[in-house]
Amino acid sequence: FLDVDTSPIVTPSGKLFAASYKDGLVALDAKTGDTEWTTSQSGIVSIAHHDGILYSSGDGLVNAFDAATGKLKWTRDLSDKSSKGKGNNAGLGLTFGGSFLIAPTATALAFLDPVSGRVETLWNPGRGVSGIPTWVDSVRFGSRLYVLSNLGTVFALDMVHAGGT
């Protein structure tokens, strides 16, 4: 693996996922090291696993792959192609919070439906987000997303779905 920017993920079922910017994604048997599947999706700098889906981000794209087969389920381009953004895009770590896949970008925080990849909403705290947000569920504070903006402000977002749940 050349140019690795991700941390590997090991699932309770014994599958190990790894990715590199140049070579794409690979699923290995964590015990034997045998390759189960590979993809040629380049540009990956972050991976996350949730409910049988492997998500990747990098080069402005967020992708979802079936974790069992490696088959691409969807892809979403979050690149900022405006002259001001000059190609700044998604590429940092992904977070799950509530029913969302949350992707930081240079211009906003994107809240995606993890099943369809549809962007549900974008939130811009001013100049985007480069740090990976942290989701916390607590009895005292409820569901909260902590975000550090590119302008240096820490935000605590109370996450309440439509209908109050």
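## Exercises on a predicted beta-strand model

Apart from its neighbours within four places in sequence, Thr-11 is in contact with Phe-17 and His-49, where contact means heavy atoms within 4.5 Å. The structure is a predicted model, in which local features need pLDDT of at least 70 and side-chain atom pairs count only at pLDDT 80 or more, while totals for chains, interfaces and linings use all residues. Residues are numbered from 1 along each chain as its sequence is written, and side-chain values use heavy atoms, with hydrogens and water left out.

### Exercise 1: Thr-11

Task: Locate Thr-11 among the strands and decide whether Thr-11 is buried or exposed.

Solution. Step 1: Thr-11 sits in the loop that runs between β1 (9-10) and β2 (15-20); strands (E, at least two residues) and helices (H or I, at least four) are DSSP runs, numbered from the N terminus. Step 2: the relative accessibility of Thr-11 is 9%, so this residue counts as buried. The classes are buried under 20% relative accessible area, exposed over 50%, and partly exposed in between, with a 1.4 Å probe and protein chains only.

### Exercise 2: The chain and its cores

Task: Work out how many helices and strands the chain has, and which residues form its largest nonpolar core.

Solution. Step 1: the chain contains zero helices and 15 strands. Step 2: of its 165 residues, 41% are buried, and its accessible surface comes to about 8,800 Å², with 53% of this belonging to carbon and sulfur atoms. Such areas come from the Shrake-Rupley method with a 1.4 Å probe, and for residues only the protein chains shown count as cover.

Step 3: the largest nonpolar core holds 12 residues, namely Ala-48, Ile-53, Tyr-55, Val-62, Ala-64, Trp-74, Leu-78, Leu-94, Leu-101, Ala-103, Ala-110 and Leu-112. Two or more residues of this core come from each of β6 (53-58), β7 (61-66), β10 (100-104) and β11 (109-112). Another core, of 11 residues, lies apart from it and includes Ala-19, Leu-25, Ile-47 and Ala-67. A nonpolar core is a set of buried Ala, Val, Leu, Ile, Met, Phe, Trp, Tyr and Cys residues joined through side-chain atoms within 4.5 Å. In soluble globular proteins, nonpolar side chains tend to be buried together.

### Exercise 3: Two aspartates with positive phi

Task: For Asp-51 and Asp-59, state where each residue lies and how accessible it is.

Solution. Step 1: most residues other than glycine have a negative phi. Step 2: Asp-51 has a positive phi, near 50 degrees, and is placed in the loop between β5 (46-50) and β6. With 68% relative accessibility, Asp-51 counts as exposed. Step 3: Asp-59, likewise not a glycine, has a positive phi of about 50 degrees and belongs to the loop between β6 and β7. Its relative accessibility is 43%, and Asp-59 therefore counts as partly exposed.

### Exercise 4: Salt bridges

Task: Find how many salt bridges the whole structure has, and describe the pairs formed by Asp-23, Glu-120 and Asp-158.

Solution. Step 1: a search of the whole structure gives four salt bridges, each defined as a side-chain nitrogen of Lys or Arg within 4 Å of a carboxyl oxygen of Asp or Glu. Step 2: Asp-23 meets Lys-22 at 3.5 Å, N to O, and Asp-23 is partly exposed at 32% relative accessibility. Step 3: Glu-120 pairs with Arg-118, with 2.6 Å between the closest N and O atoms; Glu-120 is partly exposed at 35%, and Arg-118 is partly exposed at 48%. Step 4: Asp-158 pairs with Arg-144, with the closest N and O atoms 2.9 Å apart. This pair links distant parts of the chain, since Asp-158 belongs to strand β15 and Arg-144 to strand β14, 14 residues apart. Asp-158 is partly exposed at 49%, whereas Arg-144, at 17%, counts as buried.

### Exercise 5: Around the start of β15

Task: Describe the setting of Thr-153 and name the nonpolar patch that contains Val-154.

Solution. Step 1: Thr-153 lies in the loop between β14 (142-148) and β15 and is partly exposed, with 36% relative accessible area. Leaving aside neighbours within four places in sequence, Thr-153 is in contact with Val-147 and Leu-148. Step 2: Val-154 is part of strand β15 (residues 154-158) and counts as exposed at 60% relative accessibility. Step 3: Val-154 joins Phe-141, Tyr-146 and Leu-148 in a nonpolar surface patch whose accessible area together is about 370 Å². Patches are made of residues with over 30% relative accessible area and no salt bridge, with like charges joined within 9 Å and nonpolar side chains (Val, Leu, Ile, Met, Phe, Trp, Tyr) within 5 Å.
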